[in-house]
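Biologist: I would like a close look at the aromatic side chains and at the packing around them, taken slowly enough that I can follow it on the screen.

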Amino acid sequence: MSADLENTLYLELKDGRVTIALRPDLAPNHVERIKTLVRQNFYDGLKFHRVIEGFMAQTGDPRGDGTGGSGENLKAEFNDEPHVRGTCSMARASSPNSADSQFFICFADARFLDKQYTVWGQVTEGMEHVDKIKRGSQAKNGSVTDPDKIVSMRVAADAE
């Protein structure tokens with residue numbers, strides 16, 4: 001079975017390529033918005049500003065401190081997909097409909113997040129590169145000094 005290149009992302013990190021299968025069946029609006037931002041090169045060079053050992057790596061903020069976004073909030077598309085190792089899910093503020101451009105990749109199962117955050121993808125290859133993202137300070141809620149960055153992020157259909 002060939003991959004659906006329109007619903008596959010290539011996330012280039014300093015250590016190599018991460019392939020993410022998008023899940024429009026779970027979160028069609030989030031997938032569409034992420035693809036739009038990716039095609040605008042929005043994510044290129046953005047920091048992994050919050051990285052917590054054994055939990056997740058968060059990115060997608062142009063300010064690099066967790067307070068920014070693309071300026072367009074998305075209506076929640078919470079679903080039954082579990083937060084397990086490699087899950088890609090949207091970060092948000094306390095409001096369920098506050099997700100914008102920030103997302104996180106789970107290093108390990110985080111089932112306490114289930115049905116409270118919008119899962120939109122799953123790492124299918126390259127999780128070993130995600131595992132090498134520089135961790136942040138536990139005392140500072142995962143805040144990272146001199147954080148790793150996204151080299152580039154592309155829709156596979158555009159990259160092939």
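To begin with, which residue lies over the face of tyrosine 10, and at what distance from the ring centre?

Modeller: That residue is arginine 17, which sits over the ring face of tyrosine 10 at 3.8 Å from the ring centre; please keep in mind throughout that this is a predicted model. A second arrangement of this kind involves arginine 135, placed over the face of phenylalanine 107 at 3.9 Å from the ring centre. Next to arginine 17 in the sequence is glycine 16, which belongs to strand β2, residues 16-22. With a relative accessibility of 18%, glycine 16 falls under the 20% limit and therefore counts as buried. If residues up to four places away in sequence are set aside, glycine 16 touches Leu11 and His129.

Turning from charges over rings to rings beside rings, pairs whose centres lie within 6.5 Å number 5 in this model. One of them joins phenylalanine 42 and tyrosine 43, whose ring centres are 5.2 Å apart and whose planes meet at 85°, so this pair is edge-to-face. Tyrosine 43 has a relative accessibility of 0% and so counts as buried. Another edge-to-face pair is formed by phenylalanine 104 and tyrosine 117, with 6.1 Å from centre to centre and 80° between the planes. This pair links distant parts of the chain, since phenylalanine 104 is in strand β6 while tyrosine 117 is in the loop between β6 and β7, 13 residues apart. Phenylalanine 104 is also buried, because its relative accessibility is 4%. Beyond the individual pairs, Phe42, Tyr43, Phe103 and Trp120 come together as one aromatic cluster.

Two members of that cluster lead directly into the nonpolar interior. The largest nonpolar core holds 34 residues, and Leu9, Tyr43, Trp120 and Met153 are the ones with the most contacts inside it. At least two residues of this core come from each of β1 (8-13), β2, α1 (28-39), β5 (87-90), β6, β7, α2 (127-130) and β8 (152-155). The element that gives the most to this core is α1, with 4 residues. Apart from it there is a second, separate core of 8 residues, which includes Ile52, Met56, Ala91 and Cys106. As a general matter, nonpolar side chains in soluble globular proteins tend to be buried together.

The contribution of α1 makes this helix worth a closer look. At 1.5 Å a residue, its 12 residues should span 16 Å, and because its end C-alpha atoms are in fact 16 Å apart, the expected and modelled spans agree. Buried within α1 are His30, Val31, Arg33, Ile34, Lys35, Leu37 and Val38, a list in which you will find charged residue types as well as nonpolar ones. The cover over the buried residues of α1 includes β1, β2, β5, β7 and β8. An α-helix has 3.6 residues a turn, so residues three or four places apart point the same way. Glutamate 32, which is also in helix α1, counts as partly exposed because its relative accessibility is 45%. From glutamate 32 to tryptophan 120 the C-alpha to C-alpha distance is 10.0 Å, although the two are 88 residues apart in sequence. The helix is followed by asparagine 41, whose phi is positive, near 60°.

The loop between β6 (103-106) and β7 (119-125), which supplies tyrosine 117 to its aromatic pair, also holds aspartate 114. Aspartate 114 has a relative accessible area of 16% and is therefore buried, and its side chain reaches the backbone nitrogen of histidine 83 at 2.8 Å. Setting aside residues up to four places away in sequence, aspartate 114 touches Glu81, Pro82 and His83, so that the polar contact partner, by the 3.5 Å limit, is also among the residues it touches.

A last point of backbone geometry concerns the loop between α2 and β8, where asparagine 141 is found. Its phi is near 55°, a positive value in a residue other than glycine, and at 47% relative accessibility asparagine 141 counts as partly exposed. Aspartate 146 is found in the loop between α2 and β8 as well; its phi is also positive, near 50°, but aspartate 146 is exposed, because its relative accessible area is 63%.

Conventions. Residues numbered from 1 in each chain as written. Predicted model: local features only at pLDDT ≥ 70, side-chain atom pairs only at ≥ 80, totals over all residues. Heavy atoms only, no water. Buried < 20%, exposed > 50% of the residue type's maximum accessible area, 1.4 Å probe, protein only. Polar contact = N/O pair within 3.5 Å; in protein donor to acceptor, adjacent residues only side chain to side chain. Contact = heavy atoms within 4.5 Å. Phe/Tyr/Trp six-rings, centres within 6.5 Å; stacked < 30°, edge-to-face > 60°. Lys NZ or Arg CZ within 6 Å of the ring centre and 35° of its normal. Core = buried A, V, L, I, M, F, W, Y, C linked by side-chain atoms within 4.5 Å. Expected span 1.5 Å × (residues − 1).
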